[in-house]
Amino acid sequence: MPIDPHLLVAFFVTSLVAMIIPGPDMLFVLGCGMRGGARAGLLATAGVATSEAVHVAVAAAGLAALFAAAPVAFTVVRIAGAGYLVHLGVQTIRGRKDDLDDGLPSTGRVPGRRAYVNGLLTNLLNPKMVTFTIAFLPQFIDPGMGHVWVQFAVLGAILIALEFLVDGTVGVLAGRIGDWLRHRRAARRRLNVAVGGLFIGLGVRLAAER
């Protein structure tokens with residue numbers, strides 16, 4: 001086996017606990033599921049998981065030195081990610097009347113492709129996730145066993161599987177609730193405002209973090 005079994009168990013338990021604690025990823029998936037349905041929640045999770053695969057590759061390549069050597073790069077990416085979230089929030093709030101007043105029985109669903117891309121970009125533009133992955137994964141790597149890239153791949157696969165298990169479940173359940181709310185005009189309007197506010201809040205939080 002290319003990885004220490006004890007480290008593998010410790011990684012699984014620690015990652016599962018970390019996933020269960022609500023964070024930006026879970027809140028984003030929750031918002032997408034509430035507004036776009038279960039499918040959008042799952043695709044948003046897939047986008048987040050894809051970006052995590054990139055983060056794992058970055059960690060394996062040892063590119064933490066980039067942020068260490070050029071702190072301004074960290075700041076630029078952080079602000080870009082925050083701005084993107086705020087943009088999503090504003091667009092969601094501004095579009096609340098479009099779902100109600102276009103003369104059609106619109107459900108206001110978020111297209112699946114958009115949910116995926118938004119999930120991908122939101123997490124990809126969060127340097128905190130990059131630095132977390134870089135700091136977290138190596139704790140469970142044993143260089144003495146060799147095949148370091150394989151160890152990273154195994155841990156990354158587990159991390160992505162847990163992402164789908166936890167956040168995917170949140171997205172599906174949120175989608176069920178959102179489907180019920182979208183049949184009620186007043187509730188649907190409040191839903192759009194709430195989800196937009198959620199995205200804006202996440203963006204402000206990301207921008208304010210040091």
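Helices, taken here as DSSP runs of type H or I with at least four residues, and strands, taken as E runs of at least two, are numbered from the N terminus. On this basis the protein chain, which is a predicted model, has ten helices and zero strands, and its pattern along the sequence reads α-α-α-α-α-α-α-α-α-α. Of the 210 residues of the protein chain, 44% count as buried. The protein chain exposes about 10,400 Å², of which 70% is supplied by carbon and sulfur atoms. Among contacts with a separation of 6 or more, 87% are accounted for by residues 24 or more positions apart.

The confidence of the prediction varies along the protein chain. The average pLDDT is 75, and 73% of the residues score at least 70. Among the elements, helix α3 (residues 38–61) has the highest mean pLDDT, at 87, whereas helix α6 (residues 98–101) has the lowest, at 40. Over residues 96–108 the pLDDT stays under 50, although the model has 16 contacts beyond four places in sequence for these residues. Where pLDDT is low, the predicted coordinates should not be read in detail.

Helix α1 spans residues 5–20, and His6 has its place there. With a relative accessibility of 67%, His6 counts as exposed, because this value is over the 50% cut-off. The C-alpha atom of His6 is 9.2 Å from that of Phe140, although the two residues are 134 residues apart in sequence. Val13 also lies in helix α1, and its relative accessibility of 45% makes Val13 partly exposed, since the value falls between the limits of 20% and 50%. Together with Val9, Phe12 and Val17, Val13 forms a nonpolar patch on the surface, and the four residues have about 350 Å² of accessible area together.

Helix α2 (residues 24–36) agrees with the expected helical span, because its 13 residues should cover 18 Å at 1.5 Å a residue and its end C-alpha atoms are 18 Å apart. This helix is mostly covered, with ten of its 13 residues buried. The buried residues are Asp25, Met26, Phe28, Val29, Gly31, Cys32, Gly33, Met34, Arg35 and Gly36, a list that includes the charged-type side chains of Asp25 and Arg35 by name. Just after α2, Gly37 takes a positive phi of about 95°.

Met26 of this buried set is also linked to Val166, which lies in helix α9 (residues 148–181). The C-alpha atoms of Val166 and Met26 are separated by 8.4 Å, with their positions 140 residues apart along the chain. Leaving aside neighbours within four places in sequence, Val166 is in contact with Leu16, Met19, Ile20 and Met26. The relative accessible area of Val166 is 12%, and Val166 is therefore buried, the value being under 20%.

Helix α7 (residues 112–124) likewise has 13 residues, and the distance from its first C-alpha to its last is 18 Å, close to the 18 Å expected at 1.5 Å a residue. Within α7, the buried residues are Gly112, Ala115, Asn118, Gly119, Leu120, Thr122 and Asn123.

Key
Residues numbered from 1 in each chain as written. Predicted model: local features only at pLDDT ≥ 70, side-chain atom pairs only at ≥ 80, totals over all residues. Heavy atoms only, no water. Buried < 20%, exposed > 50% of the residue type's maximum accessible area, 1.4 Å probe, protein only. Expected span 1.5 Å × (residues − 1). Contact = heavy atoms within 4.5 Å. Patch = residues over 30% accessible without salt bridge, like charges linked within 9 Å, V, L, I, M, F, W, Y side chains within 5 Å. Areas by Shrake-Rupley, 256 points an atom, 1.4 Å probe, with all protein chains shown as cover. Salt bridge = Lys/Arg side-chain N within 4 Å of Asp/Glu carboxyl O. pLDDT = per-residue confidence, 0-100.
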